[in-house]
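Reader: I have a sheet to go through with you. Can we start with one pairing and work outwards?

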Amino acid sequence: MSKKPYGVNELREMFLSFFESKGHLRLPSFSLIPQNDQSLLLINSGMAPMKPYFKGEVEPPRRRVCTCQKCIRTGDIENIGKTARHGTYFEMLGNFSFGDYFKREAIAWCWEFLTKVAGLEEDRLYPSIYENDEEAFKIWNEEIGIAPERIFRFGKKDNFWEHGSGPCGPCSEVYYDRGEKYGCGDPNCTVGCECDRYMEVWNNVFSQFDNDGNGNYTELVQKNIDTGMGLERLAVVCQDVNSLFDVDTVMNITNHVTKITGASYGQSTKTDVSLRVITDHIRASTFMIADGVQPANEGRGYVLRRLLRRAARHGKLLGVNKPFLYEVVETVIQENESHYTYLRERADYIIRVVRNEEENFARTIDTGMRIFGEKLAEHKAKGEKTFSGEDAFLLSDTYGFPIDLTVEMLEDEGMGVDMDRFTACREEQRVRAREARKALGDLGWAGIDFGSEVTATDFVGYDVNNCEAKVVAVCVGEEVTGSIAGGEKGVIVLNKTPFYAEMGGQCADYGVILVGDSRFDVTDVQKDKGGRYLHSGTLRSGTIKVDDIVCASIDVERRKAIMRAHSATHLLQKALVKVLGDHVHQAGSLVTPDRLRFDFTHYSAVTPEELAKIVAMVQSAILEGYNVDVREMPIDQAKEMGATALFSEKYGDTVRVVNMSGYSIELCGGTHLDNTAKVGPFRIESESSVASGVRRIEAITGKVCLEQMDIAQQRVYNACSILKTKPAELAQKLENQIDEIKELKRAIEAFKAREAAGEVDQFLFGARSIENLKVITAILPDANADKLRQMGDVLRDKAPNVVAVLATVVNEKITFLAVCGKDAVAKGVRAGDLVKMVCTTCGGSGGGKPDSAMGGGKDVLKLDDAMAQVDDFVASKI
């Protein structure tokens, strides 16, 4: 035991401060969610977030760092609470060296911290080393002063860290003798015994070798140190308590649980196990949620869900039949917020997530427990010791009862589960679902096999926006289930619905399905071949199961926006026929809230004048306020009325006719306004081609159109503000501004021409004379190719006997221009040859006509050499 029973929060700070004094950079704990590491669901060691530094993929912020890392391990979740050693959540203290110090410093500081800072008795500490690590042995023996008989040698299994190929090395651990009261009673009990007497508190990993994967080891040039020490383990030793569940911060959480449950810690083994499970799991869950993990049916979200549900189930075993875990979150935060300050900031969110998951599970577990009890009684009555896989699957599939809970509850009864048969049943269900869906391809949910007992849905959405309905089927994942729990995505089938399913080009309604406190947000509706309406979405809270009586309500505002766009589509088709001709037929459409897309047969682009006529015609029909009459009638009667139908559509004997006061009459199964005036504003956004002989118009209506008009108007106002004019005078103001800009550009060009002429005169004045030819070489700073050409043209026109090479450098790239007057060309000097010469010298290429040529170079350092060669080149050609 330590000279002082330091608390968990004290020990954490003592460790980090100690290594800061040794030149280490203190890093905050990394998130439990691994970053750029697909090999882990959750961070499970202090070294895990450091892997990029050890591998050399990322430069560490300093060669020496120290951390206290949050960790989650769930590989032995079934043992949580049953032993003193197992915990889901723990903190790992670590000091790391990336090619800086090595064994001598690591061992010395380890010993110094344990004995001088934590105050552990030297005679109770026992180091271990890898059996062949003589270097570590000498440091412990000769420098630290540990007697040889107190240094234990272990083989590869215990004291050599490696994971496949790559960096690896021996370990040196430090064990603390907790005394005989924690021992097994064996007179030969010593370091390495499986009992709880000798507890490992520190592990130094000396990463000094590289394993090629075939058992061949070579020394690493950069040797690293990876130290790990469990914070809770250190607290167990310092506080001299039985287990990690008994250290101060963890026991304070347990005390809160005992107040809620009425159970006493130490009362019985069974009770203690439940209290430990609850304490451990809510502690882990709090940190996971704080780091962004949410309950789900897969991945790390499933780990969280499983922890919360196991904790809730153990609460039930202690007699708590209501949500309570969310209350314990506050204590978890209180015990840890001194170091993890962000927990307080996220407290409300964490509590809300935990409570919601508890409430959802409460509904699931009540039904599941009843069915489980019935099935268990049947098996016991038959004298069976194995719970059938079929019954376990029924509990999981129909009642949402987790298989791991079934297994645990049966263990309490001394029974097992036929897991092979359970797995087979689950796979059979998945195969049935997949096969049924294949035929319908991308229709997805519409391919699920519900069986003949689930009949067609009665659609009542033409007349009402909400209705009471009965749940007749539920799907989660690819399987038909009996219920859906909070947070899950799935499908609900009702006996009747106000939700319009996506068809005929009209998108589906959105809305909610409610029962009690349960809320299912509907974000898609499809109709399968059996006439069932499949409401897809997410259960935000609670549980919904088959036979529940629910209230189904559509998003009315969204439905209105869809109706505006759909009714406008009918008006648009009528206008297209009138303006373009009778050859126009619908080739496809998409209707969404206040937006429409209409494909039609036409063999040329619609002109701006035609589009203007079409828009005017639609707007006129809107302003007329035609009443819209929708009714069903025999198809022959509809044809007599002149109703428009789709060529590709097959109609039954009875059809639904949408009649806009005789202006437009169409066969249509979609939802519509009762008067065209309610369409509101209408505007065509685009007209384009989608296939040979098929055009597409996209348009907006209603609120979307108003929003776009407001945006356009605001742009006009902004332009007026900038130009200091009124909207009515904006066009004239812009024309005046454009004219002024053109005049300024002309003035600038004239100035540049005069400037160039002045430069040309300077060049000619300084030209070198070679056989009556004026030779010029010049480097023009801040010039571009256009300026070089302009200068060259003036030179050539002004002096027929000129030979000039001009150059400029932009972004380390050279541009050359060579020009030769007609007299120079007549003497055999050609610009194309000249530019090739200078470009080649600078590592580039070029060419052109005899009187003008351009090229480029890469080596700026050779530019002066290239220009110096021009005189000799000219002389050689004459």
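Reader: Which residue is the bridge partner of L817 in β35?
Author: M854 in β35 is the bridge partner of L817. This is a predicted model, where local features need pLDDT of at least 70, side-chain atom pairs count only at pLDDT 80 or more, and totals for chains, interfaces and linings use all residues. Residues are numbered from 1 along each chain as its sequence is written, and side-chain values use heavy atoms, leaving out hydrogens and water.

Reader: How many bridges join β33 to β35?
Author: Six, with β33 (residues 813–820) and β35 (residues 852–857) running antiparallel. Strands are DSSP runs of E, at least two residues, numbered from the N terminus, and two strands pair if DSSP finds at least two bridges between them. I814 also has a bridge partner in β35, namely G857.

Reader: And what stands opposite M854 on the β34 side?
Author: G847 does. β34 and β35 pair in the antiparallel sense over four bridges, and they form a hairpin with three residues between them.

Reader: What is the strand order of the sheet?
Author: β30-β31-β32-β33-β35-β34, an open sheet of six strands with mixed pairing. β30 (768–770) and β34 (845–848) each have a single partner strand, so one side of each is left without a neighbour in the sheet.

Reader: Side chains of β35: which ones are buried?
Author: A853, G855 and G857 point to one face and are buried (under 20% relative accessible area, 1.4 Å probe, protein chains only). S852, M854 and G856 point to the other face and are not buried.

Note on methods
Buried means under 20% relative accessible area, exposed over 50%, partly exposed in between (1.4 Å probe, protein chains only).
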